[in-house]
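The following paragraphs walk through a single structure, moving from loops to sheets and then to helices. Please keep the sequence and the three-dimensional view side by side while reading.

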Amino acid sequence: MTQDARTVRLADYRPPAWRIVRTELMFDLDLDDTVVAARLELAPGESFAPGAPLRLDGEELALLDIAVDGQPLPPARYALDDESLTVHGLAGPCVLETRARIHPARNTRLEGLYASRGLLITQCEAEGFRRITWFLDRPDVMSTWRVTLRADRARFPVLLANGNPVERGELDDGRHYAVWENPHATPCYLFALVAGRLEGIHRDLVTAEGRAVRLAVWAAPEDIGRCGFALDAIERALRWDEQRFGRGYDLDVFNIVAAQDFTMGAMENKGLNIFNARYILADPDTATDADYLAVESVIGHEYFHNWSGNRVTLRDWFQLALKEGLTVFRDQEFTADLHSRAVKRIEDVRLLRGRQFAEDAGALAHPVRPAQYREINNFYTLTVYEKGAEIVRMLHTLLGEETFRAGMDRYFADNDGRAATVEDFLAAHAAASGRDLAQFARWYAQAGTPQLRIDDEYDAMRGRYTLRIRQHTPPTPGQPDKQALLIPLRFALYGPDGEPIAAAAEGDAVVRDDLIELTADVHEIHFDGLPARPLPAFNQGFAAPVRLDYAYTPAQLGRLARIERDAFNRWEALQRLATGVMLRTFADPRAAQAALSDALGDLLDDDAADPAFVAECLALPDFDTLADQVPQIDVDALLAAREELLDLLAEDHADRLERRYHALADLAAGGLDGPAMAARTLRNACLGWLARLDPHEALAQRQFDTATVMTDRLGALRCLVRFDAPGKDAALAAFRERYRHDPLVTDKWLTLVAARPQPEAVEDVRALLASEWWTPTNPNRVRAILGSFARMNPVAFHRVDGAGYALLAAQLPGLDAINPQVAARLLGSFESWQRLAGPRRALAHDTLRGLDGKLGSRDCADLLARLLA
């Protein structure tokens with residue numbers, strides 16, 4: 001990474017020279033012209049130096065007034081530039097007052113205060129508050145807040161901000177005001193306000209600690225009917241956090257707002273969470289079962305931030321995984337406790353392997369806690385979120401539930417109201433467990449995915465079974481050499497009768513029951529007294545985010561898929577079989593394919609098995625997961641191998657698939673309960689396979705015509721589009737017309753078109769970009785068309801003539817000028833370009849080179865430099 005003035009380094013951290021003890025803001029709100037009056041009570045900070053100037057962050061602000069302790073400042077006492085306001089001559093505690101003018105309607109970046117369909121909305125993480133007023137825009141400056149909102153009542157009848165409502169009333173000329181108070185010291189990135197024509201639904205409850213709380217969901221009037229599930233989800237999250245982590249809610253109200261224009265998924269602002277509307281609005285006609293589960297998960301995630309992020313926040317942005325990774329772990333556990341733990345684990349590992357492992361292996365690899373950055377927005381990554389969650393999960397595995405909970409209690413108690421670090425988090429768990437976690441801390445500092453190579457041998461004469469386990473983490477940009485990690489490896493040994501073997505272990509690693517703690521580059525472990533060679537199962541529950549290399553035979557994997565007690569590893573055995581068949585890594589490919597087919601047949605015949613689990617087993621490794629398994633990505637070969645295997649398996653099991661499809665119809669007709677959702681999941685998985693054998697997709701057409709819920713309607717439409725059915729165009733047109741006024745459902749059919757796995761999808765996407773449906777200022781729409789194309793359609797994106805790369809690249813400069821964060825996410829689609837085989841590598845490289853000098857934002861310039869480094 002270029003070492004320039006914009007590079008921020010963890011090693012350079014210094015405490016703030018000034019503290020902002022209290023912040024009072026007054027907004028005169030208007031879509032085009034808003035005035036913000038700020039009153040900051042300042043006090044010297046830990047690194048205060050008498051005589052040193054005060055530098056406040058500020059961007060795109062017009063200064064109207066400035067005063068200190070009530071006295072206007074002369075121009076000689078302050079200096080303004082595009083990024084800061086510097087005040088001279090402050091000797092000690094004082095009050096700084098400013099008034100600034102901003103223009104929300106011009107703010108297409110959707111950072112700071114911006115206009116969205118008649119609403120005024122804020123988004124301040126990571127560094128958006130500086131676009132509202134001048135401030136010390138860093139997470140370790142924590143203030144209490146009083147906010148007054150003033151606006152025209154007719155245009156902005158609802159006025160929301162952080163904390164508790166303390167006053168409201170009428171002003172002259174049809175205006176009104178509302179005052180909100182946040183008594184908890186929080187950084188400015190958690191500031192929020194929303195103003196506009198909204199309707200709300202609410203629920204009053206009493207927490208486990210006896211506090212009366214009002215939960216409320218706000219949305220546009222036409223959308224409020226789809227908010228009931230979200231309101232229920234808030235209560236479920238609140239009760240779960242009370243029970244599982246002992247965390248109570250600490251304000252009188254908890255508000256969430258649905259925003260159609262929002263760059264992120266949601267934001268955990270204290271007491272006023274702002275959500276992308278796709279994670280609030282849900283009813284059976286417009287939302288799939290997956291949408292419902294996503295709404296519940298994201299609402300849980302943002303609510304859980306009230307403690308893991310708000311009450312305990314971050315010292316600096318390098319600690320981002322301290323709130324995000326920890327909170328992802330918490331929301332994963334929330335979903336697992338409410339639904340199927342096995343299915344949830346499989347879903348999380350799919351995402352990790354398909355996307356985060358690729359990030360770890362590509363040009364954008366970085367540690368969970370990087371040592372430096374040039375643009376913090378570019379580190380809101382799967383590595384920080386998903387791998388960060390896996391690190392917390394490993395800690396939970398090492399310590400056990402009871403000790404882990406004690407460590408969390410200590411962490412929250414020791415750091416409540418503070419800006420914490422990863423070291424603080426680990427220190428709390430070390431104190432609770434009595435363990436030295438210094439080696440474990442390397443997980444935060446080292447990039448890359450560790451590889452475990454396991455070799456074994458069995459001495460029949462002595463009855464001794466030996467494991468040799470080697471760990472190695474490949475080099476990543478800026479980190480050529482890696483140290484050994486503390487890796488928890490869950491395992492089981494199965495005997496000839498299919499029962500687990502209880503055998504004592506000896507060797508140079510700590511072995512506790514079913515857990516091996518790997519700490520060195522190489523370990524050797526022995527098990528004595530075994531009458532026969534056991535069948536081992538490794539990394540049960542995916543206890544560690546590693547690549548596992550063990551030479552299973554197809555027969556062994558087929559057996560594991562039947563006898564393994566760990567549901568995740570049953571699925572994993574089938575994934576390994578399918579991957580080996582598609583990548584042709586087994587010595588006897590026919591035997592491997594037969595083993596896979598037989599195991600899947602047994603699952604389809606097992607009516608007692610969870611249908612959602614069976615559906616996961618039918619979902620073979622996708623292109624991204626396969627690409628992650630090979631040193632060079634031969635796009636055509638990988639895609640062809642996957643399609644060939646799917647066609648053969650569909651032929652093998654046509655009767656079984658049709659039987660399960662019809663047998664589950666009555667159960668699938670239920671509501672949102674778990675069994676009904678699971679039945680719909682498997683029915684649509686079966687439909688996807690059966691459509692391969694039906695040249696007219698008659699079954700899919702019939703399901704589309706008779707569907708009563710979005711899950712089945714969209715599942716059928718996906719098959720019609722995927723296999724270019726004769727009724728595809730009519731079905732798409734009917735779907736489009738039915739939902740043309742619903743932007744979220746419109747995004748669904750746009751995604752299907754953009755992700756259609758045919759080379760000519762490039763032309764389809766070009767047509768969409770020239771149509772009325774293209775809205776480059778709306779992040780959801782950009783993701784639906786270009787994000788789906790680049791991330792979900794390897795056939796078209798990697799078209800051999802480079803047309804897919806060129807299409808995306810042509811859109812990036814314009815998007816970069818509108819919303820740099822969205823553009824940067826799309827640019828990240830090239831993260832694995834260096835491993836592309838054949839002419840595609842040169843085409844991707846030339847495409848990236850062609851963008852040099854055309855991307856003006858720090859977000860995209862930083863990513864492009866890293867991609868080309």
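A convenient place to begin is Met461, which lies in the loop that runs between strand E25 (451-459) and strand E26 (464-472). The model shown here is a predicted one, and every value below is to be read in that light. Is Met461 buried or exposed? Its relative accessible area is 80%, and since residues count as exposed when this value is over 50%, Met461 is therefore an exposed residue. For a sense of scale, one may go from Met461 to Asn778, 317 residues apart along the chain: the C-alpha atoms of the two residues are separated by 69 Å.

Two further loops hold residues with an unusual backbone setting for their type. Asp173, in the loop between strand E14 (164-170) and strand E15 (175-186), has a positive phi of about 60° although it is not a glycine. Its relative accessibility is 72%, so Asp173 counts as exposed. Asp513 is found in the loop between strand E29 (510-512) and strand E30 (515-518), and its phi, near 55°, is again a positive value in a residue other than glycine. With a relative accessibility of 76%, Asp513 counts as exposed.

The backbone has another local feature in the loop between E11 and strand E12 (143-152), where Ala126 is found. Which form does the peptide bond from Glu125 to Ala126 take? That bond is cis, with omega near 5°.

Strand E11 leads on to the sheets. It belongs to an open sheet of four strands, whose order is E10-E11-E16-E13 and whose pairing is antiparallel. The edges of this sheet are formed by strand E10 (112-116) and strand E13 (158-161), each of which pairs on one side only. From one strand to the next, the twist averages 15°. Within the sheet, strand E11 (residues 119-123) is joined by two bridges to strand E16 (residues 193-196), and these two strands run antiparallel. A reader who wishes to locate this pairing in the view may look for Ile121, which stands opposite Val194 in E16.

Another open sheet consists of three strands in the order E4-E8-E7, and here too the pairing is antiparallel. Its edge strands are strand E4 (54-57) and strand E7 (78-80), each pairing on one side only. Neighbouring strands in this sheet are turned against each other by 15° on average, with direction ignored. How many bridges join E4 to strand E8 (residues 84-87)? There are four, and the two strands run antiparallel; Leu54 stands opposite Val87 in E8.

The helices can be approached through one packed pair. Two packed helices are described by the angle between their axes and the distance between the axes. For helix H5 (residues 382-399) and helix H6 (residues 401-415), the angle is about 125° and the axes are 6 Å apart. An angle counts as roughly perpendicular from 65 to 115 degrees and as roughly antiparallel over 145, so that H5 and H6, with their angle of about 125°, are oblique to each other. Their crossing is right-handed. On the H5 side, the residues that meet H6 are Val392, Leu395, His396 and Leu399, and their partners in H6 are Glu401, Thr403 and Phe404.

Helix H12 (residues 611-618) offers a view of the interior, since it is mostly covered, with eight of its eight residues buried. These buried residues are Pro611, Ala612, Phe613, Val614, Ala615, Glu616, Cys617 and Leu618, a list that holds the charged-type name Glu616 alongside Phe613 and Val614. What covers the buried residues of H12? The cover includes helix H4 (341-361), helix H10 (567-583), helix H11 (589-605), helix H15 (654-663) and helix H17 (674-690). At the start of H12, a side-chain oxygen of Asp610 reaches to within 3.0 Å of the backbone nitrogen of Ala612.

Helix H4, one of the elements that cover H12, also contains Lys344. The relative accessible area of Lys344 is 12%, and because buried means under 20%, Lys344 is buried. Leaving aside residues up to four places away in sequence, Lys344 touches Gln332, Thr335 and Ala336.

Methods: Residues are numbered from 1 along each chain as its sequence is written. This is a predicted model: local features need pLDDT of at least 70, side-chain atom pairs count only at pLDDT 80 or more; totals for chains, interfaces and linings use all residues. Side-chain values use heavy atoms; hydrogens and water are left out. Two strands pair if DSSP finds at least two bridges between them. Axes are lines fitted to C-alpha atoms, for helices over the stretch in contact, and angles run from 0 to 180 degrees between N-to-C directions. Buried means under 20% relative accessible area, exposed over 50%, partly exposed in between (1.4 Å probe, protein chains only). Contact means heavy atoms within 4.5 Å. A polar contact is a pair of N or O atoms within 3.5 Å; within protein, one must be able to donate a hydrogen and the other to accept it, and residues adjacent in sequence count only if both atoms are side-chain atoms. Angles under 35 degrees count as roughly parallel, over 145 as roughly antiparallel, 65 to 115 as roughly perpendicular and the rest as oblique. A crossing is left-handed if the near helix is turned anticlockwise from the far one by less than a right angle, and right-handed if clockwise.
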